[in-house]
Amino acid sequence: MAWMILIAAVCSAGAIVGLAWVHGPLRLVTMAAVIGGVGGSIVMAGALMGLVFLSSGTGHDEDVERFDG
């Protein structure tokens, strides 16, 4: 999970630099929105992917396939 946070920080910084290069100096609110949007999306994707692998690795997926309800 730590590496996903690092990737999110790098992507957020890249997005802020790109926006500042195109639009000029950015306000603090704009930078916070970019960090929340870009960084939050990447961290959430990493967390959901981790939960998928955890579910598969612990056998919960097989329990659902054997459900006879």
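Me: In which helix is the place of Val-34, and how should I read its surroundings?

Reply: A helix is named by its order along the chain, counted from the N terminus. In this predicted model, Val-34 has its place in helix H2. Setting aside neighbours within four places in sequence, Val-34 is in contact with Ser-12, Ala-15, Ile-16, Leu-19 and Gly-39.

Me: Is Val-34 buried or exposed?

Reply: A residue counts as buried when its relative accessible area is under 20%. Val-34 has a relative accessible area of 12%, and is therefore buried.

Me: How far apart are Val-34 and Cys-11 in sequence and in space?

Reply: Two separations may be compared here, one along the chain and one through space. Val-34 and Cys-11 are 23 residues apart in sequence, and their C-alpha atoms are 9.8 Å apart in space.

Me: What is the overall pattern of the protein chain, read along the sequence?

Reply: The pattern lists the helices and strands in order. Here it reads α-α-α, with three helices and zero strands in the protein chain. Helix H2 covers residues 28–57, and helix H1 covers residues 2–23.

Me: How does the span of H1 compare with the expected one?

Reply: The expected span rests on a rise of 1.5 Å a residue. H1 has 22 residues and reaches 31 Å from its first C-alpha to its last, close to the 32 Å expected. Just after H1, Gly-24 takes a positive phi of about 90 degrees.

Me: Which residues of H1 are buried, and why do they line one face of the helix?

Reply: One looks down the helix axis and asks where the buried residues point. In H1 the buried residues are Met-4, Ala-8, Ser-12 and Ile-16. Seen down the axis of H1, these buried residues fall within an arc of 110 degrees, so they line one face of the helix. They pack against H2. On the other side of H1, Ala-2, Trp-3, Leu-6, Val-10, Val-17 and Trp-21 are exposed.

Me: With which residues is Ser-12 in contact, leaving aside its neighbours within four places in sequence?

Reply: Contacts of this kind show what a residue meets beyond its own stretch of chain. Ser-12, in helix H1, is in contact with Val-34, Ile-35, Val-38 and Gly-39. Ser-12 is buried, with a relative accessible area of 6%.

Me: Why does Ala-20 count as partly exposed?

Reply: Partly exposed lies between the buried limit of 20% and the exposed limit of 50%. Ala-20, also found in helix H1, has 31% relative accessibility and so counts as partly exposed. Leaving aside neighbours within four places in sequence, Ala-20 is in contact with Pro-25 and Leu-26. The C-alpha atoms of Ala-20 and Met-31, eleven residues apart along the chain, are separated by 9.5 Å.

Me: Where does Gly-46 lie, and how far is its C-alpha atom from that of Met-1?

Reply: Gly-46 lies in helix H2. The C-alpha atoms of Gly-46 and Met-1 are separated by 7.0 Å, although the two residues are 45 apart along the chain. At 9% relative accessibility, Gly-46 counts as buried.

Me: Which residues form a nonpolar patch on the surface?

Reply: The patch is formed by Met-44, Leu-48, Leu-51 and Leu-54, which together have about 430 Å² of accessible area. Leu-48 lies in helix H2. For the protein chain as a whole, about 5,300 Å² is exposed, and carbon and sulfur atoms supply 74% of it. Buried residues make up 13% of the 69 residues.

Conventions: Residues numbered from 1 in each chain as written. Predicted model: local features only at pLDDT ≥ 70, side-chain atom pairs only at ≥ 80, totals over all residues. Heavy atoms only, no water. Patch = residues over 30% accessible without salt bridge, like charges linked within 9 Å, V, L, I, M, F, W, Y side chains within 5 Å. Areas by Shrake-Rupley, 256 points an atom, 1.4 Å probe, with all protein chains shown as cover. Salt bridge = Lys/Arg side-chain N within 4 Å of Asp/Glu carboxyl O. Helix = DSSP H or I, 4+ residues; strand = E, 2+ residues; numbered from the N terminus. Buried < 20%, exposed > 50% of the residue type's maximum accessible area, 1.4 Å probe, protein only. Expected span 1.5 Å × (residues − 1). Arc of directions from axis to C-beta. Contact = heavy atoms within 4.5 Å.
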